[in-house]
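Visitor: I should like to examine this model with your guidance. Please show the sequence and the structure.

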Amino acid sequence: MALNREQLSELREGMELPELKKTVTREKIKRYAEASRDFNPIHLDQEFARQAGLDGTIAHGMLILAYLSEMMTNAFQKTWLTGGKLNVRFRTPARPGDTIRVSGRIRRVEKNEGETTIICEVLCANQADEAVITGEARITVRTD
Amino acid sequence: MTNKENSKLSQLETGYQFPPSSLHLDAEAVSAYLTAVEDGNHLYREDNIIPPLAIAACAMKALFEDIGLPAGTIHISQELELSGIINSGDSLTSQAIVKRRQTRGKLNMLTIGFGILNQQQDTVLTGETSLILPAAEAGQ
């Protein structure tokens, strides 16, 4: 279901989107590797990851990004899937054992002729409050 | 990295167009993906919609396999635009182009743009991925 006019009119600058919390584990990284067919050893092989300059294996960036998209889909349903834009940077890797808090806040609602654009700042942070992913998500809805 | 992969990476200059590739995720693959990312949204299970990030990951995987990314490659940024519902059973084609290649010191930055079309030639997803590759491995 897409956002209707009433729901759109209720959106305000500063509104927080419902957060998600996800725990990263080696098993979940392995499961994502199998599902995405991305077996880059940096995600699966401790020794390989260390030789690549990391402390150990790291989660796929696209796994963490999937959490962000889940938050947006939960908040905006089909409207996100048909008019969503993400523009993010990967700041620090997510590691096994991390708890990732996925959050978003409406920064601006722009109403133009025939469409409304909701601009959100989005963040995935670990338990030490280090930014894993930062960026912006936009949803454009036709209103004509 | 093999010499063939090294050679392929060295050819990736700005404007290089990857050959189009077909993408397909069957119901089992979608289910495995949803389980892996722990996404229980009803849209995917009830409406047979494929999560766009699943398709994006699939497209990127095909590209990266083609060029043979070296160890030490870092994914630094991602843009995605979701412009259409992707349904289970859709025939999807991915098109990609090297938008930018820059060298700074020992590092190579590579930005690849891609677009996913469905069987009606409607664009359902576009994206731009930026990577940093170690220069020693990037065909230089």
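The exchange below concerns a predicted model, its chain B and its cysteines.

Visitor: In what order do the elements of chain B run from the N terminus on?

Guide: The secondary structure of chain B comprises four helices and five strands. Read from the N terminus, these elements follow the order α-β-α-α-α-β-β-β-β.

Visitor: Among contacts in chain B between residues at least 6 apart in sequence, what percentage join residues at least 24 apart?

Guide: The C-alpha atoms of chain B fill a box of roughly 50 × 30 × 25 Å along the principal axes. Of its 140 residues, 48% count as buried. For contacts in chain B between residues at least 6 apart in sequence, the share that joins residues at least 24 apart is 70%.

Visitor: How far apart are the mean positions of the positive and negative charges of chain B?

Guide: The accessible surface of chain B is about 6,500 Å², and carbon and sulfur atoms contribute 48% of this area. Chain B carries 9 positive and 16 negative charges. The distance between the mean positions of these two sets is 14 Å.

Visitor: Why is A:Cys120 too far from the closest cysteine sulfur for a bond, and how many disulfides does the whole structure hold?

Guide: A disulfide requires two cysteine sulfur atoms within 2.5 Å. The sulfur of A:Cys120 has its closest cysteine sulfur in A:Cys124, at 13 Å, and is therefore too far away for a bond. Both residues are buried, A:Cys120 with a relative accessible area of 0% and A:Cys124 at 0% as well. Over all chains, the number of disulfides found is zero.

Conventions: Residues are numbered from 1 along each chain as its sequence is written. Chains are lettered from A and ligands numbered from 1 in the order in which they are written. This is a predicted model: local features need pLDDT of at least 70, side-chain atom pairs count only at pLDDT 80 or more; totals for chains, interfaces and linings use all residues. Side-chain values use heavy atoms; hydrogens and water are left out. Helices (H or I, at least four residues) and strands (E, at least two) are DSSP runs, numbered from the N terminus. Buried means under 20% relative accessible area, exposed over 50%, partly exposed in between (1.4 Å probe, protein chains only). Contact means heavy atoms within 4.5 Å. Accessible areas come from the Shrake-Rupley method with a 1.4 Å probe; for residues, only the protein chains shown count as cover. Lys and Arg count as positive and Asp and Glu as negative; His and the chain ends are not counted. The place of a charge is taken as NZ of Lys, CZ of Arg, CG of Asp or CD of Glu.
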